[in-house]
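Got your viewer open? Here is a short walk through the fold, one selection at a time.

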Amino acid sequence: MIQENELITFILCLGALTFFLINYSKMRSLPASLIFIISFILFSMGWFFTVIEGIIFEEIFNLIEHVCYICSSLMMIIWSLIFFKKRGGNDFNRDN
C-alpha cells in the first residue's frame with residue numbers, strides 16, 4: 001500500500017531534481033558538481049524505491065532503497081571533502 005506522505009515526498013524530490021538539472025550550467029561552478037548531482041539522484045532513487053516497495057516486492061525494494069541512501073550519503077561525504085578542500089578548508093575559523 002502506497003503511503004501518501006512518501007508519494008508527496010517523491011513528487012517534491014522530482015521538483016528539486018528538475019531544478020538542479022535545469023540549473024546545471026550554474027551549478028558547474030561548484031567543485032565536483034557532478035558528484036553532488038549524482039548524490040541527489042541516488043537520494044531520489046531511494047525515495048522512488050520507497051514508493052515502489054508499497055506496491056510490489058516489499059523486502060527487495062526496501063533493501064535497494066537503503067543501498068541508494070547509503071551510496072548517496074557516501075557521495076555527499078566525498079563531495080563535502082572535495083568542496084572544503086578546494087575552498088581552503090579553514091574558512092570557519094577566520095577572524096573578520
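Start by selecting α1 and α3 together. This is a predicted model, and in it α1 and α3 pack with their axes 9 Å apart, at an angle of about 160°. Angles over 145 degrees count as roughly antiparallel, so α1 and α3 are roughly antiparallel to each other. Turn the view to look at the way they pass: α1 crosses α3 in a left-handed sense.

Next, keep α3 (residues 33-53) and add α4 (residues 58-87). Here the axes come within 8 Å and cross at roughly 160°, so α3 and α4 are roughly antiparallel to each other too. What is the hand of the crossing of α3 and α4? It's left-handed. Now colour the residues where α3 meets α4 by type: you'll get 19 nonpolar, six polar and three charged.

Time for the surface. Select Ile2, Leu7, Ile11, Ile55, Ile56, Phe57, Ile60 and Ile64, and switch on a surface view: together they form a nonpolar patch. How much accessible area do these residues have together? About 720 Å².

Which helices each supply at least two residues of the patch? Colour α1 (4-22) and α4 to see them, since both helices do. Finally, click on Ile55, another member of the patch. Ile55 lies in the loop between α3 and α4, so end the tour there.

Terms used
Residues numbered from 1 in each chain as written. Predicted model: local features only at pLDDT ≥ 70, side-chain atom pairs only at ≥ 80, totals over all residues. Heavy atoms only, no water. Axes fitted to C-alpha atoms, helices over the stretch in contact; angles between N-to-C directions. Helix = DSSP H or I, 4+ residues; strand = E, 2+ residues; numbered from the N terminus. Parallel < 35°, antiparallel > 145°, perpendicular 65-115°, else oblique. Left-handed = near helix turned anticlockwise from the far one by under 90°. Nonpolar A, V, L, I, M, F, W, Y, C, P; charged D, E, K, R; others polar. Patch = residues over 30% accessible without salt bridge, like charges linked within 9 Å, V, L, I, M, F, W, Y side chains within 5 Å. Areas by Shrake-Rupley, 256 points an atom, 1.4 Å probe, with all protein chains shown as cover. Salt bridge = Lys/Arg side-chain N within 4 Å of Asp/Glu carboxyl O.
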